[in-house]
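Work through the exercises below with the sequence and the model at hand. Each task is followed by a solution in steps.

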Amino acid sequence: MKIAINGFGRIGRTFLRTLLQDTNAQKKCQVVAINIGPAKIETVAHMFKYDTIMGTYPGSVTISGDILTVVE
């Protein structure tokens with residue numbers, strides 16, 4: 001199933017982290033788009049990598065143009 005996340009605030013970021021930590025969910029779901037709205041992609045990447053509640057994301061978070069890539 002292909003999934004698009006509409007909004008990358010607390011809930012959107014937590015959903016993506018949870019999905020990336022669940023190997024069974026990864027077999028069934030693929031995130032293909034994230035709507036971050038008017039936020040700057042650099043800020044969004046930083047907030048995902050260094051979350052105040054969930055801690056630092058252990059994987060790689062990179063930006064290339066307008067593409068955010070998250071690897072576990």
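Contact, as used here for packing, means heavy atoms within 4.5 Å. The model is predicted.

**Exercise 1. Find the buried residues of helix H3 and state which elements they pack against.**

Step 1. Helix H3 covers residues 41-49. A residue is taken as buried when its relative accessible area is under 20%. In H3 the buried residues are Ile41, Val44, Ala45, Phe48 and Lys49.

Step 2. Look down the axis of H3: the buried residues fall within an arc of 130°, so they line one face of the helix. An α-helix has 3.6 residues a turn, so residues three or four places apart point the same way.

Step 3. Now list the partners. The buried residues of H3 pack against helix H1 (10-21) and against four strands, namely S3, S4 (55-56), S5 (60-64) and S6 (67-71).

Step 4. For contrast, take Thr43, which also has its place in helix H3. With a relative accessibility of 39%, Thr43 counts as partly exposed. Its C-alpha atom is separated by 13 Å from that of Ile67, which is 24 residues away along the chain.

**Exercise 2. Describe the surroundings of Asp51: is this residue buried or exposed, and what does it touch?**

Step 1. Place the residue: Asp51 lies in strand S3, residues 50-51.

Step 2. Check the accessibility. Asp51 has a relative accessible area of 5%. The cut-off for buried is under 20%, so Asp51 is buried.

Step 3. Collect the contacts. Residues up to four places away in sequence not being counted, Asp51 touches Arg10, Arg13, Arg17 and Thr56.

Step 4. Add a polar atom pair: the side chain of Asp51 reaches the backbone nitrogen of Met54 at 2.8 Å.

Step 5. Compare sequence and space for another pair. Asp51 and Gly37 are 14 residues apart in sequence, and their C-alpha atoms are 19 Å apart.

**Exercise 3. Trace the salt bridges: how many does the structure hold, and which residues are linked in a network?**

Step 1. The count is two salt bridges. Side chains of opposite charge can pair when their charged atoms come close.

Step 2. In one salt bridge the side chains of Asp51 and Arg10 meet, at 2.7 Å from N to O. This pair links distant parts of the chain, with Asp51 in strand S3 and Arg10 in helix H1, 41 residues apart.

Step 3. Asp51 also forms a salt bridge with Arg13, where the closest N and O atoms are 3.9 Å apart. Here too distant parts of the chain are linked: Asp51 is in strand S3 and Arg13 in helix H1, 38 residues apart. The cut-off for a salt bridge is 4 Å.

Step 4. Compare the burial of the partners. Arg10, at 37% relative accessibility, counts as partly exposed, whereas Asp51 and Arg13 are both buried.

Step 5. Join the pairs: Arg10, Arg13 and Asp51 are linked in a network of salt bridges.

**Exercise 4. Characterise the largest pocket: what volume does it have, and which residues lie nearest its centre?**

Step 1. The largest pocket holds about 420 Å³ of space.

Step 2. Its lining consists of 18 residues, of which Leu16, Val31, Val32, Ile34 and Leu68 lie nearest the centre.

Step 3. Assign the lining to elements. Those that give two or more residues are H1, strand S2 (30-35), H3 and S6. S2 gives the most, with five residues.

**Exercise 5. Locate Phe8 and list its contacts.**

Step 1. Phe8 is found in the loop between strand S1 (2-6) and H1.

Step 2. Its relative accessible area is 8%. Phe8 is therefore buried.

Step 3. Leaving aside neighbours within four places in sequence, Phe8 is in contact with Arg13, Leu16, Ile34, Asn35, Ile36, Val44, Phe48 and Leu68.

Step 4. Take Ile34 from this list. Phe8 and Ile34 are 26 residues apart in sequence and 7.0 Å apart in space, C-alpha to C-alpha.

Technical notes: Residues numbered from 1 in each chain as written. Predicted model: local features only at pLDDT ≥ 70, side-chain atom pairs only at ≥ 80, totals over all residues. Heavy atoms only, no water. Buried < 20%, exposed > 50% of the residue type's maximum accessible area, 1.4 Å probe, protein only. Polar contact = N/O pair within 3.5 Å; in protein donor to acceptor, adjacent residues only side chain to side chain. Arc of directions from axis to C-beta. 1 Å grid on protein atoms, 1.4 Å probe; cavity = no way out; pocket = protein on both sides within 12 Å on 5 of 7 lines; lining within 4 Å. Points joined across faces, edges and corners; volume = space filled by probe spheres on them.
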